[in-house]
Amino acid sequence: MARQKGVIKYVGTLGDIRHFKIKGQEGFFAGMVGGPSGDQVLTAPEFERTRENMNEFGACAKAGKSVRTGLSQIMKQMSDSQVTGRLTSIMKKINLEDQTEARGYRKIEISTQRNYLKGFEFNKNISLTGIFNAPYSLTHTPDRASCEFVIPDFNPANLVSAPSGTTHFRLITSLSVVSDFEYNATTNSYDPMDADLNEVNDIQFSGFLDLYAPIPATTISATLPGAVVPTVNTTVLQCIGIEFYQQVGPNYYLFSSGSCLKVEDAF
């Protein structure tokens, strides 16, 4: 593969040479045009395994997106740039656990493989346990529709690692539902097995807590809206997190970095 060093910058194909950028690298690159056509990949017998992998990979991406959509209210400040790929990778591991369907059509049965999601950090560069070290406990109701994040009184100066300039923080708990996915021969795609419940969520916050004052015992409760009850083909993710603010007068300004979120339980 050739690397272009001149002043002409363009992408695309010129004769038998294509020019392109590579993410994360400087400059422009060039390589020979080649490889199978799109029609070959979609129809030729020798690409059957490729088509199977493409089918399941797309399904895994869809399942991972459901997790992110259920938490979209807070995802922007809580996740790293690779969270989409990391969630897709987890869904692929779950997909490979299915031994009942043929390759290319295996289910993404999250409800039987929940441990893969427990402990997932939405920002791989900031661990919640490295930021928030106060004792806490989690509970949820038997029907999985409500949960509590219970924090005894504590001194944040000793137990919270905040960005420089922080004056306040908020604690977060959430419930979000993600459905199992299966191949639908009618639509020729993977669909959630419980579409009505997939991505249903509730995200709740504590008040603004002073970083430099003792915090009284705090309980944050979340309840899925609409009196819904999760079904056997769904998994409920209980996440906890923390976000940081600077108070200026009566206003609180959210820091663009330092916040973190973790899947503490999946049930």
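The side chain of S179 reaches the backbone nitrogen of D194 at 2.9 Å, and that of M193 at 3.0 Å. Both are given here as polar contacts (a pair of N or O atoms within 3.5 Å; within protein, one must be able to donate a hydrogen and the other to accept it, and residues adjacent in sequence count only if both atoms are side-chain atoms). All of this comes from a predicted model, in which local features need pLDDT of at least 70 and side-chain atom pairs count only at pLDDT 80 or more, while totals for chains, interfaces and linings use all residues. Residues are numbered from 1 along each chain as its sequence is written, and side-chain values use heavy atoms, with hydrogens and water left out.

S179 sits in strand β7 (residues 168-179); strands are DSSP runs of E, at least two residues long, and helices are runs of H or I, at least four, numbered from the N terminus. S179 counts as buried because its relative accessibility is 0%, the cut-off being under 20% relative accessible area (exposed is over 50%, partly exposed in between; 1.4 Å probe, protein chains only). Setting aside neighbours within four places in sequence, S179 is in contact (heavy atoms within 4.5 Å) with I110, P192, M193, D194, N198, N233 and T234.

Strand β7 also turns up in the largest nonpolar core, where it is one of the elements giving two or more residues. Such a core is a set of buried Ala, Val, Leu, Ile, Met, Phe, Trp, Tyr and Cys residues joined through side-chain atoms within 4.5 Å. This one has 28 residues, and M91, I108, F122 and L237 have the most contacts inside it. Helix α4 supplies the largest share, 5 residues. As for L237, residues it touches beyond four places in sequence include V67, L117, L175, V178 and V263. Another core, of 20 residues, lies apart, with L128, V160, L211 and I220 among its members.

Elsewhere, 3 strands make up an open antiparallel sheet in the order β5-β6-β12, pairing being called when DSSP finds at least two bridges between two strands. At the edges are β5 (137-140) and β12 (218-223), each paired on one side only. Strand β6 (residues 146-151) is joined to β12 by 6 bridges, and V150 stands opposite T219 in β12.

Over the whole chain, there are 6 helices and 15 strands, and buried residues make up 41% of the 267 residues. Of the contacts between residues at least 6 apart in sequence, 68% join residues at least 24 apart.
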